[in-house]
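Q: Please take a close look at one part of this predicted model. I would like a connected account of how its helices and strands are arranged there.

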Amino acid sequence: MKKLLIISVLLVLIFGGILLSLSRKPIEKPDMISLNQAVMTALQSEDRGEILRLLHQALARESERLEAGQTERNRLMWGFLSVCVAVVAVTGAALAGYLYRTILRPFQRLEAFAARVASGDLDIPLAMDRKNRFGAFTESFDLMREQLALARENERLANISKKELVASLSHDVKTPVASIKVIAELYQAKFGRLAEMEAIVHKTDQIDLLISNLFTATLEELKQLKVNPSEIITRELAEQIRAADYRNRIRPFTLPECVVTADSLRFRQVIDNIIGNSYKYADTEIEVSGGFDKDCFALTVRDFGSGVTPEELSLLCEKYYRAGNAEGKSGSGLGLFLSQYFITEMGGTLEIKCDGGLWVIIKLKI
């Protein structure tokens, strides 16, 4: 662009100088020698009319010559003036295009970029030209976008982490609360309905309801809970099953030893849900067994209650669904829904059957 400006200025100066020289060129004067010769020639004639005719011809020729010279001079001046105007116009157009590309267009892009950032769109970077004179200035805006996107992502992850913690704790607290309630009920059965024990049972019911509400609200916001499967020995699973049986309803059992893929924390929540449901709806002994099914380890937990109807069986793992035998019993309808979700995220399956009681079959990858 600098070269174009220099060339344009030089052309304007050159043509301007030529125009100036043409404008200062003296106006061509009549050729007096030719006129004198014409007059002398006319005077040699004795005919007055011939004299006038010859003089008239001489003046006409000289007038035509002077007029032709002036016309040529004007033509040259207008030609050079047109060239100067054209050079100035081309230079102005080039300068306008240069200013648009280097100043106006970058700022238009920056304006559109700022509007996207204000609307929350932090994924599209700011398009920058290497020849942009404001490169460092515009790059700082793109760095701001990256930092805003990073801050928003960190905030999102922090909120998810908090909600996961609340959901996990609220779900895990339900088991010890249920244990306290069972102990209070045992004391009532042994020593009569003491007012203190009735208060404990009542308060545990309130706590359980509040925890269920908290867990449900958090789960709705979170949409999902993280599952981190790893290799676990079935002996550890057996210990978790026995630890979850605070009413001692599970018959003695052993599991064949192998290594399965599971999340220890989430598996404990699954077992707590299954055994807790058995306590609540069946209130019978519980049978646990394990075996191999192709490339999976199959764990079966069954009770000997009345189970559910075939129509209800296919809905037990739906969110918030509660079967007909849940009437009058506390719960949120999320236990089996979460259990199936956790096992699926571990790469396994959870199946429910009803045959002389309710069967829950969990298959984990070996």
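A: **Two helices and a neighbouring sheet**

In this predicted model, helix 7 and helix 9 pass one another in a left-handed crossing. Helix 7 covers residues 264-282 and helix 9 covers residues 335-345. Their axes come within 9 Å and cross at roughly 145°.

The residues that meet can be named on each side. Helix 7 contributes Arg266, Gln269, Val270, Asn273 and Asn277, while helix 9 contributes Gly335, Leu336, Ser339, Phe342 and Ile343. Sorted by class, this contact comprises four nonpolar residues, five polar residues and one charged residue.

The next element to consider is the sheet. It is open and consists of four strands, arranged in the order 3-4-6-5 with antiparallel pairing. Strand 3 (286-293) and strand 5 (349-354) form the edges, each pairing on one side only. From one strand to the next, the twist averages 20°.

Within the sheet, strand 4 (residues 296-303) and strand 6 (residues 358-365) run antiparallel and are joined by seven bridges. At one position, Ala298 stands opposite Lys363, a residue of strand 6.

Helix 9 also packs on this sheet, where it touches strand 5 and strand 6. The direction of helix 9 makes about 140° with that of strand 5. Helix 9 therefore has two sets of contacts to follow in the structure, given that contact means heavy atoms within 4.5 Å: one with helix 7, through residues including Phe342 and Ile343, and one with strand 5 and strand 6 of the sheet.

How values were computed
Residues numbered from 1 in each chain as written. Predicted model: local features only at pLDDT ≥ 70, side-chain atom pairs only at ≥ 80, totals over all residues. Heavy atoms only, no water. Axes fitted to C-alpha atoms, helices over the stretch in contact; angles between N-to-C directions. Left-handed = near helix turned anticlockwise from the far one by under 90°. Nonpolar A, V, L, I, M, F, W, Y, C, P; charged D, E, K, R; others polar. Pairing = 2+ DSSP bridges.
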